[in-house]
Amino acid sequence: MNLSAIRHRSTVDMCYPADRDTAVIRLRTGKDVQQAYIICDDPFIHWMRRQENWDGTRYPMTLSMELENHFIWEFRTQPPYKRLQYYFEVTDGKDSYFVYDNRIIDANSSDKTSKQCFKLPWMNPSDVIAPPSWVKDTVWYQIMPDRFCRAGERDERFVEWGKFIEPKPGIHGEFYGGDLRGVTQRLPYLHELGINGIYFTPIFLSDSYHRYNTFDYGMIDPTLGSGEEMKELVRQAHSMGIRIMLDGVFNHCGTEFFAWKDVLQKGRDSRYFDWFFINRDNFNDFSLPENQRFDTTDGRYFTFSFVGVMPKINTNNPEVIRYFCDVCSHWVKDWDIDGIRFDVGDEISHTFLRELRRTLKPLKPELFLLGEIWFDSLPWLEGDEYDSVMNYPAYDCVNNFERERNLSSEDFMHALNACRAMYPEQVTEVLFNFIDTHDTKRISEECKGNNDLLLQKLAMLLTLPGTPCLYYGTEIALRGREEWENRSCMPWNEIDSGRYSDIFSEVSQLIKLRHECKELKGSGIAFIHHENKPRMLHYLRRAEDMGKAIGVCLNCGGEDFSFRPEGRVLFSRLYENGMIRPEGTVIYEIGR
């Protein structure tokens, strides 16, 4: 048996309360293990039984997930006294071993030395990771306001709506004049699509159209509108059941941020000098060249990446923490927003995030805190910082399966299960899933304009565990490569003329299924593999009662696939007479 493949720690990914009463224990082993058991009980129960030694009760564990090189075993229990002491037994059918916290020993060993059991010491209610309940029911829509809809008059600063201008060097780019009133006007469009959550890229004062170099965190950029217009947008959105999430750029700021300007003027004498990561040893001249474009590889100060005009904020500084706690409290109390997305969320200090959460959650307990992190994010998801993160590992999983045609459905399962195994199930349910954003190539571009393939990808997005997000324009197959070209204007004249009504209708059907089927909102998924059809991606989603299931069958190969589901077809594309053509999709319901 490969003992080195066995892993367990009493950390929140492998030992956690799913709710106030239920404990979940996971064990990772190699694939040579045929069965795993847990031996568990209350750590003090032997005293009550007048027994000298604690021995525990042996239970079989369930094979929960298969990874590329490992199995994940799981045990669920409701400890009557809210405590659990445990160790494991694993067998490959020939040999058996006991797995303790401090060692692994042969089950037949007469070794009398001490063995340290694992513990879930106490299921404190405040330690139960509990993201806002509404999030797993949400279908998000990401809007870059400058490019979404312009309701105001055209300003001489604005480019003609929809006209492509070759981007200039630098971070600024052209303004098209999209505004908050434009978003408000188009709320009925989003409501018809089935959207019930909007994620805005930054809306605060800046000299760039994307506004990721913020000048004033309390002032909405006048090009977009006013605080009153923001209130009205939120009010109307809430009346339609649509929640609002703002983008908070706390890792860095723009050059006109008041604290940075003071540092530029006064140098070491500025009271805000320690608001930034400035290398005192290399500190010389802080004046910026006229074009404000230079890198920071010389080490004078730190920035986002090496962009000189985005100085990095010291989120360890207590004054900085208090400042942003006040800023975000204003957003919540005065505008009634429902969530904050944290740009570059992995570089912000844990101290900052914990204090911000302690400040904001009492104001609005169901406020959603989302971190932009591109990798395994467990240190930020232990219940005292973010509620969720952007699920880039799952994004890679979906896109890699399409790009690498030699990958099989088992490869996809292994990759997706690796994502699921990272976190407690209640976090997996609200991981922020997407197939494109402002930082990636548009999915329609990835699909080379093939709407069959686009709808197949959207079917995956809307039926996999997690909370899905569409990038604006995806519902009409808007094209665009990375960066500049993926941020084009919404073609409202063409939309209003009905040019995109067919693709819009099919996307809205998929979103409707997401809303109506509770089976799609949990964390569990079961894969079905078809012999000699490695590119047939087929999986089932079940609700907790296990009575009904939603099946998803996607033909990602190059040949027709004969398939007659045992239940009612809810959505199909390229499916006729029991045959799914390549790039075809079938979503069906298995009855009770």
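**A walk through the predicted model**

Let me begin with one pair of strands, strand S2 at residues 23-30 and strand S6 at residues 70-77, which pair in the antiparallel sense over 8 bridges. Within that pairing, Gly30 has His70 of S6 as its bridge partner. Before I go further, I should say that what we are looking at is a predicted model, so please hear every value that follows as computed from that model.

The two strands I began with belong to an open sheet of 4 strands, arranged in the order S1-S2-S6-S5 with antiparallel pairing. The edges of that sheet are strand S1, residues 15-17, and strand S5, residues 62-66, each of which pairs on one side only. On average, neighbouring strands in this sheet are turned by 30 degrees against each other, if direction is ignored. Lying across S2 and S5 is helix H9, residues 409-420, which runs at about 115 degrees to S5.

Let me now step back to the protein as a whole. There are 14 helices and 26 strands in the protein, and its C-alpha atoms fill a box of roughly 85 × 70 × 45 Å when that box is taken along the principal axes. How does the radius of gyration of the protein stand against that of a compact globule? For 592 residues a compact globule would have a radius of gyration near 25 Å, and the protein has 26 Å, which agrees. Of the 592 residues, 58% are buried, and the accessible surface comes to about 25,400 Å², with 45% of that belonging to carbon and sulfur atoms. If we take the contacts with a separation of 6 or more, 66% of them are accounted for by residues 24 or more positions apart.

There is also a second sheet to describe. This open sheet has 8 strands in the order S18-S17-S16-S15-S12-S11-S20-S19, and here the pairing is parallel. Strand S18, residues 388-389, and S19 stand at the edges with a single partner strand each, so one side of each is left without a neighbour in the sheet. Inside the order, strand S12, residues 197-200, and strand S15, residues 243-248, run parallel and are joined by 3 bridges, with Tyr199 standing opposite Met245 in S15.

I would like to turn to two helices. Helix H8 covers residues 392-403, and its 12 residues reach 16 Å from the first C-alpha to the last, close to the 16 Å expected at 1.5 Å a residue. H8 is mostly covered, since 9 of its 12 residues are buried, among them Tyr392, Cys397, Phe401 and Glu402. Those buried residues pack against H9, which we met lying across S2 and S5, and also against strand S19 (432-434), helix H11 (443-446), H12 and S22.

Helix H14, residues 501-516, has 16 residues and reaches 22 Å, close to the 22 Å expected for it. Its buried residues include Ile503, Phe504, Leu510 and Arg514. What covers the buried residues of H14? The cover includes helix H3 (187-193), helix H12 (451-463), strand S20 (467-471), strand S25 (568-576) and strand S26 (579-590).

Finally, three individual residues. Leu537 sits in strand S22, residues 536-542, and is buried, with a relative accessible area of 0%. Its C-alpha lies 5.1 Å from that of Leu554, although the two are 17 residues apart in sequence. Setting aside neighbours within four places in sequence, the contacts of Leu537 include Phe401, Ser409, Phe412, Met460 and Leu554; Phe401 is one of the buried residues of H8.

The other two residues, Thr585 and Tyr588, lie in strand S26. Thr585 is buried with a relative accessible area of 0%, and among the residues that Thr585 touches, beyond those up to four places away in sequence, are Gln456, Ala459, Cys553, Leu554 and Phe571. Is Tyr588 buried or exposed? Tyr588 has a relative accessible area of 3%, and because buried means under 20%, Tyr588 counts as buried. With the same sequence neighbours left out, Tyr588 touches residues including His538, Leu540, Val552, Phe563 and Leu570. Arg103, by contrast, is 485 residues from Tyr588 along the chain, and the C-alpha atoms of the two are separated by 47 Å.

Technical notes: Residues are numbered from 1 along each chain as its sequence is written. This is a predicted model: local features need pLDDT of at least 70, side-chain atom pairs count only at pLDDT 80 or more; totals for chains, interfaces and linings use all residues. Side-chain values use heavy atoms; hydrogens and water are left out. The expected span of a helix is 1.5 Å times one less than its number of residues. Buried means under 20% relative accessible area, exposed over 50%, partly exposed in between (1.4 Å probe, protein chains only). Contact means heavy atoms within 4.5 Å. Two strands pair if DSSP finds at least two bridges between them. Axes are lines fitted to C-alpha atoms, for helices over the stretch in contact, and angles run from 0 to 180 degrees between N-to-C directions. The radius of gyration is taken over C-alpha atoms; the globule rule is 2.2 Å times the number of residues to the power 0.38. Accessible areas come from the Shrake-Rupley method with a 1.4 Å probe; for residues, only the protein chains shown count as cover.
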